[in-house]
Amino acid sequence: MRFTRKAQAQWKGSGKEGKGTLTTGSGILNTTPYSFHTRFEDGEKGTNPEELIGAAHAGCFAMQLSFLLGEEGFKPDSLDIAASVSFEDGEIKKIDLDLKGDIPNIDAEQFQQIAHKAKEVCPVSKLLKADIQLKVTLNK
């Protein structure tokens with residue numbers, strides 16, 4: 001399976017005083033605001049890259065885990081994943097995934113093994129090893 005998903009960001013102004021918007025191809029984010037304040041402070045309405053990465057990772061991991069559980073004959077009643085993205089000294093240092101699952105007829109060891117496999121093969125987990133290409137155009 002092959003597909004491409006798209007998103008756009010627009011930023012106006014300086015790093016600290018400027019503001020931007022994020023829009024996704026699906027339209028679920030549509031000129032959603034983000035700024036220095038939504039990223040590094042609390043209180044202002046808007047999103048930030050770290051929470052979007054956390055949501056993407058939690059969602060991808062949940063779906064991957066569901067597929068792997070199904071391959072082993074298990075059907076989860078629920079999988080709840082909280083992702084905490086830690087930013088420190090100008091970089092994302094780690095992502096903690098906190099998984100709680102309600103899966104009939106599975107033992108704790110099987111659940112551990114399948115969950116760890118899901119973490120390794122989840123496409124967003126693999127992203128940290130991705131080849132990132134950059135195309136640069138200066139508008140005049």
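**Patch, pocket and two positive phi values**

Biologist: Which residues make the nonpolar surface patch of about 320 Å²?

Modeller: Keep in mind that this is a predicted model. The patch covers about 320 Å² of surface and is nonpolar. Its makers are F40, I53, F87 and I92.

Biologist: Is I53 buried, partly exposed or exposed?

Modeller: I53 sits in helix α2, residues 49–71. Its relative accessible area is 33%. Buried would need under 20% and exposed over 50%, so with 33% I53 comes out as partly exposed.

Biologist: Which residues lie nearest the centre of the largest pocket?

Modeller: That pocket has a volume of about 670 Å³. Its lining draws at least two residues from each of α2, β5 (91–102), α3 (108–121) and α4 (123–126). Of the 18 lining residues, the ones nearest the centre are I53, A56, H57, V124 and L127.

Biologist: How many residues in the lining of the largest pocket are charged?

Modeller: The lining has 18 residues. Eleven of them are nonpolar and two are polar. The charged ones number five.

Biologist: What is the phi of D89?

Modeller: Most residues other than glycine have a negative phi. D89 goes the other way, with a positive value in a non-glycine residue. D89 is in the loop between β4 (78–88) and β5, and is exposed at 68% relative accessible area. Its phi is near 50 degrees.

Biologist: And where is N105, which has a positive phi of about 65 degrees?

Modeller: N105 is not a glycine either. Its relative accessible area is 75%, so N105 counts as exposed. Its place is the loop between β5 and α3.

Terms used: Residues numbered from 1 in each chain as written. Predicted model: local features only at pLDDT ≥ 70, side-chain atom pairs only at ≥ 80, totals over all residues. Heavy atoms only, no water. Patch = residues over 30% accessible without salt bridge, like charges linked within 9 Å, V, L, I, M, F, W, Y side chains within 5 Å. Areas by Shrake-Rupley, 256 points an atom, 1.4 Å probe, with all protein chains shown as cover. Salt bridge = Lys/Arg side-chain N within 4 Å of Asp/Glu carboxyl O. Helix = DSSP H or I, 4+ residues; strand = E, 2+ residues; numbered from the N terminus. Buried < 20%, exposed > 50% of the residue type's maximum accessible area, 1.4 Å probe, protein only. 1 Å grid on protein atoms, 1.4 Å probe; cavity = no way out; pocket = protein on both sides within 12 Å on 5 of 7 lines; lining within 4 Å. Points joined across faces, edges and corners; volume = space filled by probe spheres on them. Nonpolar A, V, L, I, M, F, W, Y, C, P; charged D, E, K, R; others polar.
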